[in-house]
Amino acid sequence: MEHKSHCSLIPKNYQHILALEFAVKEINENPQILPNLTLGFHIYDSYDNGQRTYHATMLLLSSMEKLIPNYVCNIQNSVIAVVGGLDAHISLHVATILDIYKIPQLIFGSTPLMNDKTPGLSFYQLVPPEALQHAGMVSLLLHFNWTWVGLLATDSEHGEEIIRNVVPLFSKRGICSSFIEKLPKYSDMDGLDGMYEQGVKLYDLIMGNKANVIVVFGESTTMGTLRWFTYLSESSVVKPKGVAWILNAQIEFASSAFQRNWSTEIIHGALSFTMQSVDLPKFKSFLKKKNPFITKEDGFINLFWQDVFACILPDAVPSDVSEKICNGEENLETLAGPLFEMKMTGHSYSIYNAIHSLAHALHAMSSSKHKRRGLTDRIGGKIHKKDFWQLHNFLRTVSFNNSAGKLVSFDQNGVVSGGFEVINWIVFPNQSFIRAKIGNIDHLSPPEEMLTINNENITWHTWFNQGSKAVGCKWIYKKKVLPNNEVQYKSSGVPKNYQHILALAYAVKEINENPQILPNFTLGFHIYDSYDNAQRTYQATMLLLSATERLVPNYLCNIQNKVIAVIGGLDAEVSLHVATFLDIYKIPQMVPQEELQHKGIISLLLHFNWTWTGILIMDNDQGEKFVETIVPLFFKNGVCVPFIHRFPKATDFTKFEGVLQKGAKIYDVIMNNKANAVVYNGESFAMGNLLWLQYIPNIEEVKSKPKGIVWIMTAQMEFSLIPVQRAWDLKIIDGTLSFTMHSTALPEFRSFAKKQNPFSTNKDTFIRQFWQEAFDCIFPDTTMSDVEENTCNGKENLESLLGTLFQMDMTGHSYSVYNAVHAIAHALHALSSSRDTERSVVDRVGRKIHGQDFWKFHYFLRNGAFNNGAGEPVFFDQNGIVATGFDILNLIAFPNNSFLHMKVGNVDHSAPPDKILTINDEMIKWHSWFNQVIPISVCSKSCYPGFSKKKKEGEQFCCYDCIPCPEGRVSTENDRNECSRCEDKFYPNKKHDFCIPKSISFLTYKEPLGISLACLTHSFSLTTVLVLGAFIRHHDTPIVVANNRDLTYTLLITLLLCFLSALLFIGKPGKFTCLLRQTTFGVVFSVAVSSVLAKTITVVLAFMATKPGSRMRKWVGKKLTNCIIISCSLIQAGICTLWLIFAPPFPDIDMFSVTEEIILQCNEGSVTMFYCVLGYMGFLALISFITAFLARKLPDTFNEAKFITFSMLVFCSVWLSFVPAYLSSKGKYMVAVEIFSILTSGVGLLGCIFFPKCYIIVFRPDLNIREQLMRRKT
């Protein structure tokens, strides 16, 4: 027989059964509720199927053996109510039948949405109304301005009904739905290949959509579907991204057993609505007792045990199966959160309240005076079944406080009164997770104020630069002994804590001897041991408040000793137990601050760039609270947490050998991890844990090599050990940095401590035990003849003790005790001296303060301020927290087990947040493993300048690769998240680690290019002047006269101006030159081209006029040419004028076209106008070219058209090539291209039109005669 996984079972739901059993057990054991009546229960499986649900309901109503509707054959077991089901459709199926018999149903899961067809009488909702949850979701989305979200709902009628209600609500508040999709149940997907394709499509839709926020309306099994999405990325073409999931309260962080190794990263950072719940310590104890080898009557535990621990019970193992065998030593506390939790979940807490609601309603029903005779059988005190329908009236009016002290009641609609908590899920690679409460939905607040949320405490998905992933290893350990195993404990005390007693006694002595404080008053004190146990702490507190001999609550038989305040306890848990009673009597208690220490730890980590830091905590509520608070702060400040481990108390190591394996795992994780810095939040005795940790390598099969660790210890810890640890090596804590309460040396306290001796101090009942433990001796009056131990003689010296056992200077905790006593004394002094309360407060006879007035003591304590014996000011803030900071101590350990505390910094409470930390790096002595170099504790090495960080896929944001900066970007510092651009006046160097100032660039007369163009300009201008001079000198010659002398002069002058206009483009651009350069060039060139056009037209008209009878003669003359030149030029002038009026050119700076240069240039103002000028000039040139081309075959005497045709061809070619050359050039080369085009086109006109004529005028004057011209004509 093959053992198969029970995939359909959600192991975590087993807690619902246990919550039911625990509540029933608690009620049956309570004589105050339902005396003489015993509650019982039956559990039926719905199999998530309507038909099976109906069948189970009918069985419940008839008999356990055979289904007989409307008949109950088992009269001993009467069904009074039904609790369930977990999902809405199950509850609806059950209610269909229960409503007929008027049997109430208490729903702890998703609530069926009511309509005309659904029954309503038998529903009692232990979950706040859906409408409140929907309104809370809207408030949450609007709080973060998430107006583009996706919606997922279960593929059921309930899911469709929710969508119909939610979408209009979202739209009304301005929230758009990017998509609305159905989310199949995970059980449907299992074994169905077709569902895989559907899942991939849904995955692609989610990951490919702009919506980063997805609201999920699911049920208890929905979490498995979301975790399944992680493995769809391989079949998807869409890159994965981070999603902020908003989960409704019906979704549990639960999965099937076969999903135990599935990644939970996809839901990291999710925000979830949950039912309000309270931790019940007794429930945790109840769970610890569950074991299939002990609990035989539990029909579910065997299946659950096999699923969660992946083992087979011995009585179910076939002969041919070689799987792991369950042995009963499995521990529920070791299970991953998705499989099981030791704390009550929201659904389990609802079940617990449901059972108690039923019990209180039954109790009220059975106790009702007017129903007593009809309801209760006097013989057995049993309630008749026919009267159970009346239970509804009592259920609707029930109101009680449960064992956690929380009020439970229903409104008129049968809905429990309460709101929702908003939880942030922080998951870790080992499947553990943290529920961080970051807000709540208050059902009593107005709609606009119902949401309360703390943004700073939220940890988002790693895709949003936050995340978590770590690597863990599984090791096999064998039992070994601890060092000095043969030494037995004489006591559980910590000798060093005796200094706290001395500090208290010293402060009281100092005050009583000071006549300036509380004259005629004497302070005294009692010291009680909490034994680190809640019960003993409560008992000690009650003794303190009543009498020293006998416990009588609310009665003080010892009137001589009045309790005015309590100092302590040393650990937070003890302080909390004490405060429970002290708050009733308004007696103040001194407590240290926490928030400042958290800020100091973060500042310290960031100061040394320790962004990869592990966390160790004690395995208690205070440790969990520390993690819930500090981890979000770490993530917010860029510090990643590769691991979080919990240390049992030090005393547990000596009693339970099984803890060795857990300690070995902790050692392995620490030593194998890259993290060289570890934050250790412990309690006063927690130092022994670290010393014990260094002996783990003695355990067999531990492969981890030891390394140096920088331990960062919180102020709650003392450098103290129990006597058995006196010989333990301190090397592992060498170089530790510890936060301690600020303290100052008190020389007189040192003298006070020296005088302490058990042979001379008779009133100190603690000194004898301390003396024996610290000096490892026994007093003569307790020495037995058969015991060979040292005998205490009173000559022992406290100064010779190791620092771990006792210190002569006040520690931080002792200094706090000292200040606490002085604060109490000064407050009492102020109270007794108050003028307006003197008569009512002070008894004139004995000047004693009446006990009933001590509650006023709070006011004076909060407002008191004084200087203590060391001259330091002491006062409290408005929250009752002492206004002081922390010292940072460096522990230097020596081989002889002595150590030195070196103060290397402090955390100033009054400084700005970014300056609270002051530390001297040079004074710190690091662990020898680091060779006195500042330790590195990072996941990835620093990225040097020129590189930026790129997060590694699937790892925390502190783990990254270094990639070179892309072109145009620079990184000037280490560990830049991204490369940045230089300022506009700078550009990156080749290594991209420095910004170089850009050089200023423009075409000048001092560079070769500018000089060359200027020389060409002057050369062409001079040539034009020479040609003009030759034409003027020979103005009466036939060739000059025949070529229209005035038009020739006009063309030559404009060509000269064209050449000279090029000089406007050289030099630093100014306002005047920018206005003139393009417009001058455009107008002058237009005149030149117009002159050429006029010359061409004149040639054509002159030829046509020679024909007999031609009417063209009247057009030949100066009027026509002048008209052509003026009209064509005026059009260009008009364009330029409009240009200057509406978008004139101006000096501009271009910092981006050329990387290394700042280009000074003229901005054309309007590119359109610039190309209009060029276009019009080209239009004139094209007309001239066409006209000249058509006239090229006229007789030679008048034919200037050939030269004009060639000149226009050159002109057009130059300016056609100008456009692409101009657009592809940058900076001063654009200017050079335009100058070159101006010069080239001008030279083309000058050379093609005038050089042939100059040749004749200068070199062939024999051809420049009328006869020669006429001969050529004939």
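**Entry 1: the parallel sheet 1-2-3**

I began with a single bridge and found that Q105 has F123 as its bridge partner in strand 3. The model I am reading is a predicted one. I then looked up the pairing around this bridge: strand 2 (residues 105–107) and strand 3 are joined by three bridges in the parallel sense. Both belong to an open sheet of three strands, in the order 1-2-3, with parallel pairing. I noted strand 1 (82–83) and strand 3 (123–125) as the edges; each has a single partner strand, so one side of each is left without a neighbour in the sheet.

**Entry 2: the chain as a whole**

I next recorded the overall figures. The protein chain holds 35 helices and 32 strands. Of its 1274 residues, 52% are buried. I looked up how far apart in sequence the contacting residues are: among contacts between residues at least 6 apart, 71% join residues at least 24 apart. The chain exposes about 62100 Å², and carbon and sulfur atoms supply 56% of that area.

**Entry 3: strands 4 and 5**

I turned to strand 4 (residues 148–154). Six of its seven residues are buried, so I describe this strand as largely enclosed by the rest of the structure. Strand 4 runs parallel to strand 5 (residues 176–183), and seven bridges join the two. I wrote down one of the pairs: G150 has F179 as its bridge partner in strand 5.

**Entry 4: F420**

I located F420 in strand 11, which covers residues 420–427. Is F420 buried or exposed? Its relative accessibility is 0%; because the limit for a buried residue is under 20%, F420 counts as buried.

I then listed what F420 touches beyond four places in sequence. Its contacts include V127, P128, P129, L132 and Q133. A249 is also in contact with F420, as are F273, T274, M275 and Q276. N440 and I441 are further contacts of F420. I also checked the distance to G136: the C-alpha atoms of F420 and G136 are 8.5 Å apart in space, although 284 residues separate the two in sequence.

**Entry 5: helix 17**

I compared the length of helix 17 (residues 595–607) with expectation. At 1.5 Å a residue, its 13 residues should span 18 Å, and the end C-alpha atoms are 18 Å apart, which agrees. The buried residues of helix 17 include L596, Q597 and H598, and also the run G600, I601, I602, S603, L604 and L605. After helix 17 comes N609, which has a positive phi, near 60°.

**Entry 6: the nonpolar cores**

I looked up the largest nonpolar core, which has 83 residues; I615, F634, L693, W711 and I733 touch the most other members. Helix 20 (residues 659–672) gives the largest share of this core, seven residues. I noted a second, separate core of 66 residues, with L1101, I1124, M1169 and I1238 among its members. In soluble globular proteins, nonpolar side chains tend to be buried together.

I followed I615 in more detail. Leaving out residues up to four places away in sequence, its contacts include F626, V627, I630, V631 and F634. I615 also touches V641, F643, I644, H645, V678 and V679.

**Entry 7: W728**

I found W728 in the loop between strand 19 (710–713) and strand 20 (736–741). W728 is nevertheless buried, with a relative accessible area of 6%. I recorded 8.1 Å between the C-alpha atoms of W728 and W692, which are 36 residues apart along the chain.

**Entry 8: the mixed sheet 30-32-31**

I examined another open sheet, in which three strands lie in the order 30-32-31 with mixed pairing. Its edges are strand 30 (999–1001) and strand 31 (1146–1150), each of which pairs on one side only. From one strand to the next the twist averages 25°. Strand 31 pairs with strand 32 (residues 1157–1163) in the antiparallel sense, over five bridges. Within this pairing I noted F1146, whose bridge partner in strand 32 is N1163.

**Entry 9: S1237**

I closed with S1237, which lies in helix 34 (residues 1228–1259). Its relative accessibility is 4%, and S1237 therefore counts as buried. Which residues is S1237 in contact with, leaving aside its neighbours within four places in sequence? I found V1214, W1215 and F1218.

Definitions and conventions: Residues numbered from 1 in each chain as written. Predicted model: local features only at pLDDT ≥ 70, side-chain atom pairs only at ≥ 80, totals over all residues. Heavy atoms only, no water. Helix = DSSP H or I, 4+ residues; strand = E, 2+ residues; numbered from the N terminus. Buried < 20%, exposed > 50% of the residue type's maximum accessible area, 1.4 Å probe, protein only. Contact = heavy atoms within 4.5 Å. Areas by Shrake-Rupley, 256 points an atom, 1.4 Å probe, with all protein chains shown as cover. Expected span 1.5 Å × (residues − 1). Pairing = 2+ DSSP bridges. Axes fitted to C-alpha atoms, helices over the stretch in contact; angles between N-to-C directions. Core = buried A, V, L, I, M, F, W, Y, C linked by side-chain atoms within 4.5 Å.
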